[in-house]
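The following note is offered to a colleague new to this structure. The numbered points concern helix packing and nonpolar cores.

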Amino acid sequence: MALLTGCVQKSIIDDINIQVGAGFDESGEDEFVGAILVQDYLPDKSIVNKIFTTKGKLRKDLRMNTQKKSDRDIAAGGLLFVIFGDELADKGIINFIDNFKRDPSIGARVYLSTANTSAVEIIKGEYGPQGTSNYLYTLLEHNIEERDVPKTNLHIFFRDYHQKGTDAYLPELKQLSPTEVEISGLSIFKKDKEVDVIPPEKMFFFKLMVDRYSRGSISVKLDNGEWATLRSIKSKHKYKIIKTNPSQVSLDLKIQGSLVEYTGERLTPKLIKEIDKAFEDKVKKECLALIKRFQEKNVDPLGFGKLHRKQVRGFDFKKWEDDYQKLQVKIKADVKIVESGVIE
């Protein structure tokens with residue numbers, strides 16, 4: 001015990017630059033450009049963003065070159081998010097992510113995302129008095145916890161990457177201006193390469209199939225031409241194999257929410273049942289369309305292969321490549337409006 005005393009290297013916070021964010025882009029042939037974000041907290045409690053940008057052929061080159069530009073040692077232990085540019089995501093990101101996994105100072109809950117265009121340009125933005133890192137981190141956190149982005153982080157991405165029978169996904173960011181960013185879609189990966197991006201209006205239905213809602217909202221147009229909006233949505237899903245050869249899977253979706261808006265004049269119990277049915281029809285239609293889209297692109301972010309591996313004795317992944325294209329999915333959606341205000 002006495003011999004081990006003092007073996008841990010100490011770092012004084014005032015003597016280091018704490019890395020809070022990073023962005024990487026493709027830059028020419030076999031070369032990358034990276035931006036590392038650190039923040040200085042001034043005595044008046046304001047935040048100054050510091051961005052170190054450099055080029056290299058390997059991620060370790062980027063880190064070494066960045067250290068040469070910093071007046072203090074850069075520590076990665078405060079990393080909150082990493083963004084990958086569009087071209088880099090198309091070619092593969094596992095080499096970059098693998099380095100983060102091997103660094104014991106970096107937590108597994110770091111948010112990963114792709115960029116609609118350039119990740120470095122997003123990092124360079126100025127997003128309010130709380131600092132760039134807080135803005136981008138809370139943007140991702142809010143949309144995961146309360147909106148349409150399914151739960152994902154460094155740990156979950158690696159789990160899906162290494163697990164047979166499922167493919168990974170990450171939120172996509174788009175810079176609207178130097179002071180504003182939005183969630184512009186959901187990137188779908190085959191191994192570590194982006195092969196598709198789900199548009200924002202389809203993300204609600206994707207999250208229904210892979211995650212649970214604690215909040216959320218959806219609108220639907222009724223047969224009478226009026227619109228209804230359901231909010232404070234809670235949901236859960238359950239997959240079950242009906243049969244094999246050919247494979248059939250059932251997906252049960254249970255959704256509860258409050259009716260907060262109806263454009264018509266009167267709201268009756270009969271009309272509420274019609275609204276329930278309209279929501280159920282829309283959910284089934286949109287979810288089936290997404291499943292067909294994934295089959296056409298030969299990606300399985302819903303984990304049908306994983307489901308078969310767990311439940312089918314002697315399951316053959318080589319044969320599954322062909323079986324997945326023929327997979328039939330039957331969806332049952334049960335929508336219940338638990339609160340609708342005053343009913344006439």
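1. Helix α3 (residues 94-102) packs on helix α6 (residues 154-162) with axes 11 Å apart and an angle of about 125°. The two are therefore oblique to each other, a class outside under 35 degrees (roughly parallel), over 145 (roughly antiparallel) and 65 to 115 (roughly perpendicular). The model is predicted: local features need pLDDT of at least 70 and side-chain atom pairs 80 or more, while totals for chains, interfaces and linings use all residues. Residues are numbered from 1 along each chain, and side-chain values use heavy atoms, without hydrogens and water.

2. The crossing of α3 past α6 is left-handed. From α3, I94, I97, D98, F100 and K101 make the contact (heavy atoms within 4.5 Å), and from α6, L154, F157, F158, Y161 and H162.

3. The largest nonpolar core, a set of buried residues (under 20% relative accessible area) joined through side-chain atoms within 4.5 Å, has 70 residues. I83, F206, I275, F294, L302 and F304 touch the most other members. Helix α8 (residues 269-296) gives the most to this core, namely 10 residues.

4. Beyond its neighbours within four places in sequence, I83 is in contact with residues including F24, I122, L136 and L173. A further core of 25 residues lies apart from the largest one, and its members include A89, L112, Y161 and F189.

5. Helices α9 (residues 304-311) and α10 (residues 317-326) cross at roughly 130°, their axes coming within 11 Å. α9 is therefore oblique to α10. The crossing is right-handed. The contact joins F304, G305, H308 and R309 of α9 with F317, W320 and Y324 of α10.

Conventions: Axes fitted to C-alpha atoms, helices over the stretch in contact; angles between N-to-C directions. Helix = DSSP H or I, 4+ residues; strand = E, 2+ residues; numbered from the N terminus. Left-handed = near helix turned anticlockwise from the far one by under 90°. Buried < 20%, exposed > 50% of the residue type's maximum accessible area, 1.4 Å probe, protein only.
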